[in-house]
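Dear colleague,

Please find below the structure that I am handing over to you. My findings follow directly after it.

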Amino acid sequence: MLILLVVMSAMTLMHTSTQDSPAQTASPAISEKVSSFERAVRVNNPGYSSTAGDAKPFDPAAATQAWLDGVPRNQREKSDAYFEGGYWLILWNFLLTAAISVFLLASRFSARLRDFSERITKVKNFQIVCYAIPYLLFVYVLSFPLNLYENFFREHQYGLATQSFAPWFREQLLGLALTLVGGTLLVVVLYAVFRGAPRTWWIWGTIVMIIFSGTLVLIAPVYIEPLFNTYKPLTDPKIRDPILAMARANEIPVKQVFEVDASRQTTRVSANVSGLLGTTRVALNDNLLKQCALPEIRAVMAHEMGHYILNHGAKLLTYLGILLLVGFALTRILFDGVVRRWGNKWGVHGIADPAGLPLFALIFSTLLFFATPVLNTVVRITEREADAFGINTSREPDGMAKVALKLGTYRKLDPAPLEEFIFFDHPSGRARIRMAMDWKAANLPAGE
């Protein structure tokens with residue numbers, strides 16, 4: 001459970017490929033509505049023009065509302081229901097994690113599993129391996145019903161998934177295998193730190209987690225993601241060349257663009273620019289190519305280039321390190337207090353005892369749960385920065401608005417401010433469209 005929690009939090013912060021959405025949109029109707037809006041402005045304001053120096057430019061707020069009003073009510077209600085259901089899933093995932101951890105402790109299953117590993121071998125690191133593998137498997141099995149609902153049935157219910165159960169389950173097993181390898185290695189290293197530095201483990205543990213998270217994010221695009229999808233060079237010059245032109249203009253060291261066959265799993269679009277030290281890669285999935293025109297693709301790819309140019313990977317890794325340091329410090333205090341109170345009852349002797357791993361997971365997951373607004377805000381700020389970079393690079397305000405509406409197929413378009421602060425790890429659709437319309441009102445020339 002610990003590895004699942006930490007990897008999830010790390011990837012939430014570090015994986016900022018933003019533009020993913022289902023296929024169904026109302027873009028033509030919305031474009032017509034905005035055009036009608038602009039024509040109406042011209043009629044009522046003879047001085048209106050789309051060139052610089054106009055006395056009466058169009059109103060960005062009204063234009064934003066025109067885009068939003070173009071989305072049919074039933075689509076808005078469906079996307080709102082999907083996104084708001086995610087609020088409850090945050091709670092259910094936390095409660096499930098807590099329930100599993102308490103069960104493993106109170107039943108002394110964790111203590112018996114530790115005793116079993118000690119009977120198998122006297123070597124400490126191998127004892128951790130013998131504990132971690134069945135622990136991770138047990139947690140996966142108990143978590144599977146909620147995982148099945150959340151990532152299979154619910155995605156099909158809202159038309160966001162394309163996979164049948166068999167291929168979906170095969171990918172789940174592949175993910176489990178990767179978790180067992182990476183998770184066991186991480187747990188072994190962490191418990192070596194716990195044994196070697198029982199008082200300052202929270203500092204050294206943070207360093208271990210930063211190294212692990214950075215390595216994971218660095219190798220994932222090149223070595224892990226291709227295990228789930230096929231990457232091939234994009235051959236259409238009408239799409240490839242404008243993307244490479246933006247990359248060259250921003251000194252991104254790539255010579256080709258890759259296409260990913262994500263449509264066999266999902267209807268969402270996505271793209272990313274990632275890598276370091278010769279592994280840099282620009283990739284977009286086939287849904288993006290099928291569902292979006294060139295202005296939208298340019299807006300998406302410019303946004304992703306913004307993450308790369310603005311060093312968001314390094315910044316998010318720094319933020320993650322700070323949050324982990326604070327979280328581990330609090331975990332140390334709480335862990336020691338709980339062990340003094342219930343350690344004998346549960347058979348947990350201290351931080352270096354692997355039987356205490358469920359307690360560690362319980363405390364850390366609780367801290368993560370209450371830190372949800374902080375984690376989301378950290379990511380949302382970097383997404384806002386990438387949006388600004390993207391629109392200035394692509395010069396496609398209408399393209400950005402259309403993509404924001406497509407995101408609104410599964411993300412609530414117009415949340416309340418407090419709702420956006422707590423639950424949104426990206427700017428809302430309204431905020432993104434308003435940025436695009438503000439940019440358009442500044443009368444900068446549009447891209448070709």
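Ile 322 belongs to helix α12, which covers residues 312-346. In this predicted model, Ile 322 contributes to a nonpolar surface patch of about 550 Å². The other members of the patch are Tyr 319, Val 326, Leu 330, Ile 333 and Leu 334. As a general point, an α-helix has 3.6 residues a turn, so residues three or four places apart point the same way.

The loop that precedes α12, running from α11 (294-309), contains Asn 311. The phi of Asn 311 is positive, near 55 degrees, although the residue is not a glycine. With a relative accessible area of 48%, Asn 311 falls in the partly exposed class, because that class ends at 50%.

A second residue other than glycine with a positive phi, again near 55 degrees, is Glu 251. Glu 251 sits in the loop between α9 (237-249) and β2 (257-260). Its relative accessible area of 70% makes Glu 251 exposed.

Helix α13

Helix α13 has 14 residues, and the distance from its first C-alpha to its last is 20 Å, close to the 20 Å expected at 1.5 Å a residue. How enclosed is α13 by the rest of the structure? Of its 14 residues, 10 are buried, so the helix is largely enclosed. The buried residues are Leu 357, Pro 358, Leu 359, Phe 360, Ala 361, Leu 362, Ile 363, Phe 364, Ser 365 and Leu 368. Leu 367 is also part of α13 (residues 357-370), but at 24% relative accessibility it counts as partly exposed, since buried means under 20%. The C-alpha atoms of Leu 367 and Phe 328 are 9.5 Å apart in space, while the two residues are separated by 39 residues in sequence.

Helix α6 and the loop after it

Helix α6 comprises 34 residues, 124-157. At 1.5 Å a residue it should span 50 Å, and its end C-alpha atoms are 47 Å apart, which agrees. The helix nevertheless bends by about 50 degrees at Phe 144. A proline, Pro 145, follows within four residues of that position. After α6 comes Gly 159, with a positive phi near 70 degrees.

Gln 163 is located in the loop that connects α6 to α7 (165-196). Is Gln 163 buried or exposed? Its relative accessibility is 7%, so Gln 163 counts as buried. The side chain of Gln 163 makes a polar contact, at 3.1 Å, with the side chain of Glu 171.

Salt bridges

Side chains of opposite charge can pair when their charged atoms come close. In the whole structure, 17 salt bridges were found. Three of the pairs are described here.

Lys 440 and Asp 398 form a salt bridge through their side chains, with an N to O distance of 3.1 Å. This pair links distant parts of the chain, 42 residues apart: Lys 440 is in helix α17 (residues 429-441) and Asp 398 in helix α15 (residues 397-407). Asp 398 counts as partly exposed, at 29% relative accessibility.

Helix α17 also takes part in the salt bridge between the side chains of Arg 430 and Asp 414, for which the N to O distance is 2.8 Å. Arg 430 lies in α17, whereas Asp 414 lies in the loop between α15 and α16 (417-423), so the pair ties together parts that are 16 residues apart in sequence. Both partners are partly exposed: Arg 430 has a relative accessible area of 25%, and Asp 414 is at 32%. Elsewhere, salt bridges that share partners join Glu 84, Lys 412 and Glu 419 into one network.

Within that network, the side chains of Lys 412 and Glu 419 meet at 3.0 Å, N to O. Are these two partners buried or exposed? Lys 412 has a relative accessible area of 12% and is therefore buried. Glu 419, at 14% relative accessibility, also counts as buried.

With kind regards

Terms used: Residues are numbered from 1 along each chain as its sequence is written. This is a predicted model: local features need pLDDT of at least 70, side-chain atom pairs count only at pLDDT 80 or more; totals for chains, interfaces and linings use all residues. Side-chain values use heavy atoms; hydrogens and water are left out. Helices (H or I, at least four residues) and strands (E, at least two) are DSSP runs, numbered from the N terminus. The expected span of a helix is 1.5 Å times one less than its number of residues. The bend at a residue is the angle between axes fitted to the seven residues ending there and the seven starting there. Patches are made of residues with over 30% relative accessible area and no salt bridge: like charges are joined within 9 Å, nonpolar side chains (Val, Leu, Ile, Met, Phe, Trp, Tyr) within 5 Å. Accessible areas come from the Shrake-Rupley method with a 1.4 Å probe; for residues, only the protein chains shown count as cover. A salt bridge is a side-chain nitrogen of Lys or Arg within 4 Å of a carboxyl oxygen of Asp or Glu. Buried means under 20% relative accessible area, exposed over 50%, partly exposed in between (1.4 Å probe, protein chains only). A polar contact is a pair of N or O atoms within 3.5 Å; within protein, one must be able to donate a hydrogen and the other to accept it, and residues adjacent in sequence count only if both atoms are side-chain atoms.
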